[in-house]
Amino acid sequence: MAQVGLFYGTDTGNTERVADMIKDKIGADKVDVYDIASASAADFAKYDKIILGQPTWYYGELQSSWDDFWDDFKSVDFTNKQVACFGLGDQADYAEYFLDAMGLMHDVALENGSIPVGYWSTDGYQFDESKAVTEDGEFFVGLAIDEDQQPEMTAERVDQWVDQIKEEMEF
Ligand SMILES: Cc1cc2nc3c(=O)[nH]c(=O)nc-3n(C[C@H](O)[C@H](O)[C@H](O)COP(=O)(O)O)c2cc1C
């Protein structure tokens, strides 16, 4: 078993692609990747270092397989687990709901005891509202990826963020 568990959900494949990029950058031997559509709450118990990835759909809603898993997710005990989130969204077409689902996911993990890592500057993004930002608006609560408006920035963002969480999580 690897040190890190990565759990993602996707409707149209973008989040899966970013999950693969993260896995490749971390090193495939160090991370186990789960599609949340076929994961169980018990899978989370295996790891102290966890990465969670989710796009936002339909005006601030959870991605469909995360939505199906949500009650189980709320039952996971994250005490002493470091949790890094990443989210996908569209800052122009959904500027009032940018990355909301990442915020909801982060908040459940935090309420259930997680040690959050991987916060990410809001510099370089333009949006109106998001449930995925810190109170001062300076950070997203995880890596923010926009494959619709800024796809050319994704590779560099993933690279930088993985370097950051590698230090924070010590893997
Ligand atoms: C109908 C529709 C609704 C969307 N709603 C939101 C939204 O509320 N907030 C947001 O940030 N992005 C929204 N998006 C953008 C998606 O999150 C984005 O395209 C993402 O990359 C999709 O990821 P996936 O391919 O892993 O499902 C929406 C996209 C579509 C087509």
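Modeller: In this predicted model, a residue is near the ligand if one of its heavy atoms lies within 4 Å of it. The ligand has 20 residues around it, and those that come nearest are Thr10, Thr12, Thr15, Thr56 and Asp148.

Colleague: What makes the approach of Thr12 to the ligand a polar contact?

Modeller: An N or O atom in the side chain of Thr12 is 2.4 Å from an oxygen atom of the ligand. The cut-off for a pair of N or O atoms is 3.5 Å, so this pair qualifies as a polar contact.

Colleague: Why are Tyr59 and Tyr97 also listed with polar contacts to the ligand?

Modeller: Both contacts involve the backbone. A polar backbone atom of Tyr59 is 3.1 Å from an oxygen atom of the ligand, and a backbone N or O atom of Tyr97 lies 3.1 Å from a nitrogen atom of the ligand. Each pair is within 3.5 Å and therefore counts. As for cover, the ligand taken alone exposes 640 Å², of which the protein buries 88%.

Colleague: Why is the ligand said to sit in the largest pocket?

Modeller: The criterion is that more than half of the atoms of a molecule lie within 2 Å of the grid points of the pocket. The ligand is assigned to the largest pocket, which means that this criterion is met. That pocket has a volume of about 350 Å³.

Colleague: Which residues line the largest pocket nearest its centre?

Modeller: Of 22 lining residues, Thr56, Trp57, Gly89, Asp90 and Asp148 lie nearest the centre. By class, the lining has 9 nonpolar, 8 polar and 5 charged residues; Gly89 is counted as polar because Gly belongs to that class.

Colleague: Which element gives the most to the shell around the ligand?

Modeller: Strand S3 does, with 3 residues. S3 also gives the most to the lining of the largest pocket, again with 3 residues. Helix H1 (14-26) and strand S3 (49-57) each supply at least two residues of that lining. The shell around the ligand comprises 9 nonpolar, 8 polar and 3 charged residues.

Conventions
Residues are numbered from 1 along each chain as its sequence is written. This is a predicted model: local features need pLDDT of at least 70, side-chain atom pairs count only at pLDDT 80 or more; totals for chains, interfaces and linings use all residues. Side-chain values use heavy atoms; hydrogens and water are left out. On a 1 Å grid over the protein atoms alone, a cavity is a set of points where a 1.4 Å probe fits but cannot get out, and a pocket is an open set with protein on both sides within 12 Å along at least five of seven lines; lining residues have an atom within 4 Å of a point. Grid points are joined across faces, edges and corners, and a volume is the space filled by probe spheres set on the points. Helices (H or I, at least four residues) and strands (E, at least two) are DSSP runs, numbered from the N terminus. A polar contact is a pair of N or O atoms within 3.5 Å; within protein, one must be able to donate a hydrogen and the other to accept it, and residues adjacent in sequence count only if both atoms are side-chain atoms. Accessible areas come from the Shrake-Rupley method with a 1.4 Å probe; for residues, only the protein chains shown count as cover.
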